Amino acid sequence: MGKKKGTNEADAADDFLQTLEDFTSKENWDKFFTLRGKDDSFEWYAEWPQLRDSLLLLLQDSSSSSGSLQILVPGCGNSRLSEHLYDAGFRDVTNVDFSKVVISDMLRRNIRSRPEMRWRVMDITKLQLADESFDTVLDKGALDALMEPEVGTKLGSQYLSEAKRVLKPGGKFICLTLAESHVLALLFSSFRFGWKMTVHSISQKRSSLKTFMVVAEKENSILLQEITSSFDLLSLGRNDSQGSGMCEALESENQIRRDCNNGSDYLYSHEDLKLGVKGDLAEFTGGRRVKFTLGCQGSNFSYRAVLLDAQKQTEPFVYHCGVFLVPKTRAHEWLFCSEEGQWQVVESSKAARLIMVFLDSSHSGASMEDIQNDLSPMVTQLAPRNDDEAARIPYMMASDGIKKRTTVHEVTSPLTGEVVVEDVVYESTPSNTGGLSPSSDLAFRRLVFKRTEYLIQSEALLVEDGEIIDQSQTEKTKIASQSKRKGNKKRNQETSGPVMKVSHDYLASSYHAGIISGFTLVSSYLKKAESSGKMVKTVIIGLGAGLLPMFLHGCLPFFNIEAVELDPVMLSVGEDYFGFTQNDRLKVHIADGIKYIRDITNSESSSEKTSDAVSKIESTSSNNGEGGGTCPDILIIDVDSADSSGGLTCPASEFIEETFLLSVKRALPQHGLFVVNLVSRSQSVKDMVVSRMKKVFDHLFSLQLEEEDDVNVVLFGLCSESVIGESDIPESAAILEGLLKCQRLETKQSIIDSTNKLKYWK
């Protein structure tokens, strides 16, 4: 009976594991190990017979000046791996896990048979262990468990920093992983300078999943070496998702390393700089300019930054080091994004060394005090040597580029929180506003959520009520490639000027132009629909101020548009302050976007069971200009995330879950197009989203809005087996250009120009 009871408990634990949503939760693991019991081990990935030869070879190759090899097993769980190592002769093994339940069970299981084995309750992201105290850190699935997409890279980065800290020179970090793309992205980038990396494949007989062993050896050298593998990459199989993922990750990472060694512009990490890859930072080196990322253990955020040592000294420096914060709204201005402009900022700062830090959407919600407190310990490490130990490091900041700001409306929504509608006049004037005089101040109306103040939810040009655009003057207007920047706008109105209204034929948001440019991918279908009088059903999840639906309604008259918005306050704001209106071609549903799409999927599944005769009748009626039934032709996801702490600002994480993506694919027809506005500073999060979409959709394209800004990317998923190639895009873009009925010709041109940025992923 006892054995049967143990089996039932193990089965219950396995059932619980299948429903475990958060692998980073201590409470979840305590429950799992309680159900499992101390005598029933659970093995992640490969078991000892498959690991033994490769692992023992690596450990025997390691040397320890103290004689006995010191091994750390983080996130040990109740695996028997440590016990097998002990029995193989490695007695100095320290096992740590944050679950007190499993550490107590393992201690009781081994106290007599393996008395020298050590077991400690500890958080592996905050190891209470001395620097350089271990010869080997052996990770069996710990990093994978920390890399939950909703959590982002923070826990994984903290853990890897700790693992590197406790390793002795010459020590090895051995990571057993399933090699998901977002895990490899962090793993490979964390062990660049001062590390030698190899990858091994572990053969398994009872599982279709491959286990990879990634080994990083700590060296005194700061050379950047390519990652080697003990297997032929082609042997992994390009048709296998794990194998192809590993091939792509290795090729991508090694290309980065080759480019860096060849002198290409490279984004270093804070740790790279501390290793001395760009010289001794304690010494001032005139003209030194280094692009790097800030954000290490103990930091709440990550930052893109540039370190600049002044080129010349025309007068004494006021500061030995200074920090200059650039807000998101001005990051793309020439003064801050170009090297020449940055040197001008250095000269005006009066600082010998200036660290320019770029803020983005991931810093929304944080006060300047929070940002400064977060940066201070890292900046202190980057300051040059100074005889005056009391010398302060000042924080300077560019203004947000707004010349005048007027709050029009404030409201608090139970769902969204504080919402602000404001009219702003920018300090500089765009050159692409058609018939409007470029000498006039232009006003823009913006929708801002207080929870993400750095992210402008919607932005619209204000024009005089009744204004008629002079097309001849518009045609003569010079088109600028960077014309839709938020930091480049002005107002055309005096305080006591004429009545102004929102212009629905001008795209102030560059990502809206990017979304519409993706219609190029289905322009042939759109042309056929327009020619035959068929309406194209377009569903937009996320109304905002209603600017994108209104623009599409005006410039694509054969579109039937349905916007789905969870918060009814947004509809009221759009109607009252942004001129949003509904009619027979533009409707709003106050509903949950996820449920709305799943209802469509269920409806389509039910309709497939109807008779052929009924199907034919429905097919005929769908061509009468009244819309295409419940199935959308184009689906756009344009919603922000209420919680961006996991590294995902847009969309909310539920909209990129694989289950939802599969629902989307089932809801779309063969010619359908799925569009996602993705905003994330985390490369691993973006890699994860791309990987999921590649897995679900037959073809995937992306569009990066600005060359210097990799935060905002628009993704396009297609369901059809055939797709246009990149070489066919100009011809397809010409078809789209013919379909667009834009009043402002420069707006149409900006959309077509954006098609040049479309990149094919799959």
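## Cavities

This predicted model holds three cavities of 30 Å³ or more. The second largest has a volume of about 70 Å³. Its lining is made up of Glu459, Ala460, Ser503, His504, Tyr506, Leu507, Ala508, Ser509, His512, Leu547 and Phe551.

Two elements each give at least two residues to the lining of this second largest cavity: strand 18 (456–464) and helix 17 (547–555).

## Helix 17

Helix 17 is mostly covered, with eight of its nine residues buried. These are Leu547, Leu548, Pro549, Met550, Phe551, Leu552, His553 and Cys555. Leu547 and Phe551 also appear in the lining of the second largest cavity.

## Ser517 and helix 24

Ser517 lies in helix 15 (residues 510–517). Is this residue buried or exposed? Ser517 counts as buried, because its relative accessibility is 0%. Leaving aside residues up to four places away in sequence, Ser517 touches Leu703, Leu736, Ile751, Ser754, Thr755 and Leu758.

Helix 24 spans residues 745–754 and is mostly covered. Seven of its 10 residues are buried. They are Glu746, Thr747, Lys748, Ser750, Ile751, Ile752 and Ser754. Ile751 and Ser754 are among the residues that Ser517 touches.

## Helix 3

Helix 3 covers residues 48–61, 14 in number. From first C-alpha to last, helix 3 reaches 19 Å, close to the 20 Å expected at 1.5 Å a residue. Where is the kink in helix 3 centred? It is centred on Ser54 and amounts to about 30°.

Trp48, Leu51, Leu55, Leu56, Leu58 and Leu59 are buried in helix 3. The buried residues of this helix pack against one helix and several strands. The helix is helix 4 (81–87). The strands are strand 1 (71–74), strand 4 (134–140), strand 5 (167–177), strand 6 (195–202) and strand 7 (211–218).

## The six-stranded sheet

Six strands form an open sheet with mixed pairing. Their order is 9-10-11-13-12-14. Strand 9 (268–269) and strand 14 (395–397) stand at the edges. Each has a single partner strand, so one side of each is left without a neighbour in the sheet.

Within this order, strand 11 stands beside strand 13. Strand 11 (residues 303–309) and strand 13 (residues 351–358) pair in the antiparallel sense, over six bridges. One of the bridge partnerships links Leu308 to Leu354 in strand 13.

## Strands 15, 16 and 17

Strand 16 (residues 417–426) pairs with strand 15 and with strand 17. Strand 15 (residues 402–413) runs antiparallel to strand 16, and 10 bridges join the two. A hairpin of three residues connects strand 15 to strand 16. Glu410 stands opposite Val420 in strand 16.

Strand 17 (residues 443–449) also pairs with strand 16 in the antiparallel sense, here over seven bridges. Val419 has Phe449 in strand 17 as its bridge partner.

Why is strand 16 largely enclosed by the rest of the structure? Eight of its 10 residues are buried, so strand 16 is largely enclosed.

Technical notes
Residues numbered from 1 in each chain as written. Predicted model: local features only at pLDDT ≥ 70, side-chain atom pairs only at ≥ 80, totals over all residues. Heavy atoms only, no water. Helix = DSSP H or I, 4+ residues; strand = E, 2+ residues; numbered from the N terminus. Expected span 1.5 Å × (residues − 1). Bend = angle between axes of the 7 residues up to and from the residue. Buried < 20%, exposed > 50% of the residue type's maximum accessible area, 1.4 Å probe, protein only. Contact = heavy atoms within 4.5 Å. Pairing = 2+ DSSP bridges. 1 Å grid on protein atoms, 1.4 Å probe; cavity = no way out; pocket = protein on both sides within 12 Å on 5 of 7 lines; lining within 4 Å. Points joined across faces, edges and corners; volume = space filled by probe spheres on them.
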